[in-house]
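Okay, thanks for making time, everyone. Let me put the structure up on the screen and walk you through a few parts of it.

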Amino acid sequence: MRWVLAVPEDSHFQKAEDLSGCIIATELVNVTKRYFAAKNVPVQVEFSWGATEVKPPVLADAIVEITETGSSLRANRLRIIDTVLESSTQLISNPRAWQDEEKRQKIQNLALMLCAAIHAQGRVGLMLNVRHADLPVVLGLLPSLKGPTVAALADSEWVAVNTIIEESSAWTLVPKLKAAGAQGIVEYPLNKVVM
């Protein structure tokens, strides 16, 4: 993840030094203050309570905001002029807590659930029904983590298929599945995927 300095795309600001005397909105107040202080650029840093990207140019001259792709910034007609901070999420345990078996188990459970939430990002679940005769073609179309789950239905001519796919592939995959004989196709969001 990157915390970036962004300005309105049509502004004259090209670098941090151009923002002398300006208002900067951010949730990362102290780091932003240190960033500008290190550059000897006097600015007014204001805490932003959310929707920071909509504040320029009326409520702030620029923002410091976290981004992965920059798409939200572009959607709000902002452009990035610098990276203020690069960060990664880490789970850190107190060494004494780790020595306690009960606390270690809680820490490991927390790590498991956090990793599961990370693994779910960008993925969706897909379930569908298909006749036995069409199953080989449908299975040939389906990517999955290990292999789709295939379960019998009350009607013995049909099976239910359940799998996890990349969300970006659903738009093209679902019509192919329908054409291959799948019915009752349901795409659903995932909160966690335990690997």
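Let me start with a question: which residue in strand 8 is the bridge partner of Val-124? Ile-165 is the one. Before I go on, please keep in mind that this is a predicted model.

So, where does that pair sit? Strand 6 covers residues 123-131 and strand 8 covers residues 158-166, and nine bridges join them in an antiparallel arrangement. Zoom out a bit and you get an open sheet of four strands, ordered 7-8-6-9, with antiparallel pairing. The edges are strand 7, at 149-152, and strand 9, at 183-189; each has a single partner strand, so one side of each has no neighbour in the sheet. As for the twist, neighbouring strands here are turned by 20 degrees against each other on average, ignoring direction. And a quick reminder for anyone rusty on this: strands of a sheet pair through backbone hydrogen bonds, in either a parallel or an antiparallel way.

Staying with strands 6 and 8, there's a salt bridge here too. The side chains of Arg-123 and Glu-166 meet at 3.3 Å, N to O. That links distant parts of the chain, since Arg-123 is in strand 6 and Glu-166 in strand 8, 43 residues apart. Are the two partners buried or exposed? Arg-123 is buried, at 18% relative accessible area, while Glu-166 is partly exposed, at 40%.

Now over to helix 1. Which of its residues are buried? Those are Val-29, Thr-32, Tyr-35 and Phe-36. They cover an arc of only 125 degrees around the axis, so they end up on the same side of helix 1. If you're wondering about the spacing, an α-helix has 3.6 residues a turn, so residues three or four places apart point the same way. Flip to the other side of helix 1 and you find Asn-30, Arg-34, Ala-37 and Ala-38, which are exposed.

What do the buried residues of helix 1 pack against? Quite a list: strand 1, strand 2, strand 3, strand 4 at 62-67 and strand 5 at 78-86. Two of those strands also pair up, with strand 2 and strand 3 running in the parallel sense over four bridges. For a landmark, look at Thr-26, which stands opposite Phe-47 in strand 3. To get between the two strands, the chain goes from strand 2 through helix 1 to strand 3, and that β-α-β crossover is right-handed. Right after helix 1 comes Asn-40, with a positive phi near 55 degrees.

Back to salt bridges for a minute. How many are there in the whole structure? The search finds seven. One of them is Lys-39 with Glu-17, where the closest N and O atoms are 4.0 Å apart. Lys-39 is in the loop between helix 1 and strand 3, and Glu-17 is in the loop between strand 1 and strand 2, so the pair ties together parts 22 residues apart in sequence. Lys-39 is partly exposed at 31%, and Glu-17 counts as partly exposed at 38%.

Last one: Arg-104 and Glu-101, with their closest N and O atoms 2.4 Å apart. Both lie in helix 4, residues 101-120, and they're three residues apart, about one turn of the helix. Arg-104 has 18% relative accessibility and counts as buried.

That's my tour, so I'm happy to take questions.

Definitions and conventions
Residues numbered from 1 in each chain as written. Predicted model: local features only at pLDDT ≥ 70, side-chain atom pairs only at ≥ 80, totals over all residues. Heavy atoms only, no water. Pairing = 2+ DSSP bridges. Axes fitted to C-alpha atoms, helices over the stretch in contact; angles between N-to-C directions. Buried < 20%, exposed > 50% of the residue type's maximum accessible area, 1.4 Å probe, protein only. Arc of directions from axis to C-beta. Contact = heavy atoms within 4.5 Å. Right-handed = clockwise from strand over helix to strand, strands pointing away.
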